[in-house]
Amino acid sequence: MPRLLSYLRPYRLRVAIAIALSFGVGALTFLSFGALIPTLNTLFGTSGLEGVREDTARALGYVSPDLGTWFTDTFFTSKPATFFTLVVAVILMTFVRGTLRYLNVTLVGTVAIAAARDLTNELFAHLVRQPVLFVEREGVGTVASRFTADADEVVRGLKTFTGTVFREPIQFAFLLVFALSISPLLTAVSFVIFPLIALLIRQVGRVAKRNAKRVLAHRSTLLSILQESFFGIRVVQTFSAEDRTADRFRGENARLFDRNRRLVRVEAATSPAMEILATLGISGAVLAGGMMVFDAKLDAGQFLAFYLAVGALYEPIRKVGSAVPRLQGGFAGAARIFAYLDRAAEVRDAPGATGLAPLSEEIRFEGVSVTYGGRADALTDLDVTIPAGEQVALVGTSGAGKSTFVGLLPRLFDPEEGVVSFDGTDLREATLASIRRQTAIVPQETVLMNDTVRANIAFARPDATADEIHEAARAARVTEFVDRLEHGLDTVVGERGAALSGGQRQRVAIARALLTNPSILILDEAVSNVDEESANLIREALEETRDGRTTFVITHRLETISRSDRIVVLDRGRLAAVGTHGDLMESSAAYRRLVGGGDRG
Ligand code: ADP
């Protein structure tokens, strides 16, 4: 809980000003009610203008004795003038009070959204560094809701905390002091009577609600009889149970009727009961006040102003009451956000990790097992060695572990058992930066940013020169289609790249990958969903640029598979076979089954 509040610390001055403003608002409320007394007494008072002048001079005299006499001498010259002055004073005070309240609410609102902004900035920066598995497991929707629903709750909670929590009790205190200043005894009486009546009124409401609930319960019993009877109508009729079922229905319907009749009575009684209770309460309190008027302990103005002020006390109480769930909501939302913030990155640099030189010899998997924390046997005891510079096709049925295999290469996660090494260095002993700098991945579906083609390619390396971008675009056959667009590389691709076809998006993704000149390029079903023409262009592009690069492709396209230097066949997480297309066609039944389906699949 204090943790969320720590996000307010940079804005504490503003919070302090907001609280000070609340005192101003409270003081003006006090004064407005105070001004009511002479206003009413001018109109209806028994002690005449002199009484009003004396009272006002005495009240203002607390500020300065001269002010009191000057004010009454100048403005309270006749009854109409006094009345007019007081009305103007109330208008002025309301105006100032409104302004202070406006400033308070603005300050409080700004502070809340500023703190939420800081929190979500921190959260975003933290989450983009989390292992991809975390985000994938949580789902983009869940992650996004931390920024939307939960952040909104936090804003609401903080607004309540810095606003309502101070503002309303302060308001309450001023009103209470006002009531006490008129008559402590009357205040005490009101404080016994009004809550008591409020409680009773609530009780009446409860009874009505309880009855309504009971009716609903009988309703649903009736509904289930309906369901049983009509879904099971064959059974009912086969066993000639129509009469029995109808009896059952009639019985339940009768009980529902009884309940409903009671509800009708209760509902009919509710409003009058509340009215009677309210009148009783008000009368009780007013009786006490009236007695004091007869005893000349209270004048007309004080009498009315007192009850208006006591009535106004209800508002702050109600607001504080509704503040509680908002605060709880805010803290709960913050707790969910903090749970994310507190997640340490699962994959990170080991102490003493070293930078890895670009791959030059081989990638080796030794006894590698991945279970995703025991949820799946994604890879089991895998041993395989890939010489650098080869194009490797990974094949296997869906769920065989192909994506898991390639996910290990940029170290998106670590194997639970075994070692993945580049040129003999265990990836866990290398820095993440040096591993990821030399790996690039083109996924099945590329989400482009709503920016130009150029910016999307340069995403991989913001410092790339125009020439480098052009070269990557050319190599990836992006030039083929952007040249036909009006703005060429500077064409904006639309939300998620919607202005481009799937094949075009994939070519942009490949240009992006090539721009970093990775020593390991991974195409994870990158051409599965693209048209034939794009698939062919992409294959050309890969063949043209594959020198000095180790390429992993996951694909169903036989053309690409058969041209690979090495084919790794996976079967339910285990290595089924390794070899060239020719070898495997001869030796591996599993491979023949996989590719036997034809070119596409
Ligand atoms: P392929 O790419 O060959 O279809 P995958 O590597 O995606 O296979 O999946 C291998 C197995 O691991 C499957 O059984 C899959 O359900 C499981 N799996 C994949 N990703 C996760 C994950 N993030 N959490 C839990 N299980 C996973």
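How do the residues of the lining of the second largest pocket divide into nonpolar, polar and charged? In this predicted model, the lining holds 21 nonpolar residues, six polar residues and three charged residues. The volume of this second largest pocket is about 1,100 Å³. Its lining is made up of 30 residues, and those closest to the centre of the pocket are Leu31, Gly34, Ala35, Ala59 and Leu60.

Several helices take part in this lining. At least two residues come from each of α2 (12-44), α3 (48-61), α4 (65-75), α5 (79-127) and α9 (164-182). The most is given by α2, which supplies eight residues to the lining of the second largest pocket.

The ligand was examined in a similar way. There are 13 residues around the ligand, and the nearest are Gly399, Gly401, Lys402, Ser403 and Thr404. By class, the shell around the ligand consists of five nonpolar, six polar and two charged residues. Helix α15 (residues 402-408) contributes three residues to this shell, the most of any element.

Polar atoms of the protein lie beside oxygen atoms of the ligand at several positions. For Gly401, a polar backbone atom is 3.0 Å from an oxygen atom of the ligand. For Lys402, an N or O atom in the side chain is 2.8 Å from a ligand oxygen atom. For Thr404, the distance between a polar side-chain atom and an oxygen atom of the ligand is 2.4 Å. The ligand taken alone exposes 550 Å², of which the protein buries 68%.

Terms used
Residues numbered from 1 in each chain as written. Predicted model: local features only at pLDDT ≥ 70, side-chain atom pairs only at ≥ 80, totals over all residues. Heavy atoms only, no water. Near = heavy atom within 4 Å. Polar contact = N/O pair within 3.5 Å; in protein donor to acceptor, adjacent residues only side chain to side chain. Areas by Shrake-Rupley, 256 points an atom, 1.4 Å probe, with all protein chains shown as cover. Helix = DSSP H or I, 4+ residues; strand = E, 2+ residues; numbered from the N terminus. Nonpolar A, V, L, I, M, F, W, Y, C, P; charged D, E, K, R; others polar. 1 Å grid on protein atoms, 1.4 Å probe; cavity = no way out; pocket = protein on both sides within 12 Å on 5 of 7 lines; lining within 4 Å. Points joined across faces, edges and corners; volume = space filled by probe spheres on them.
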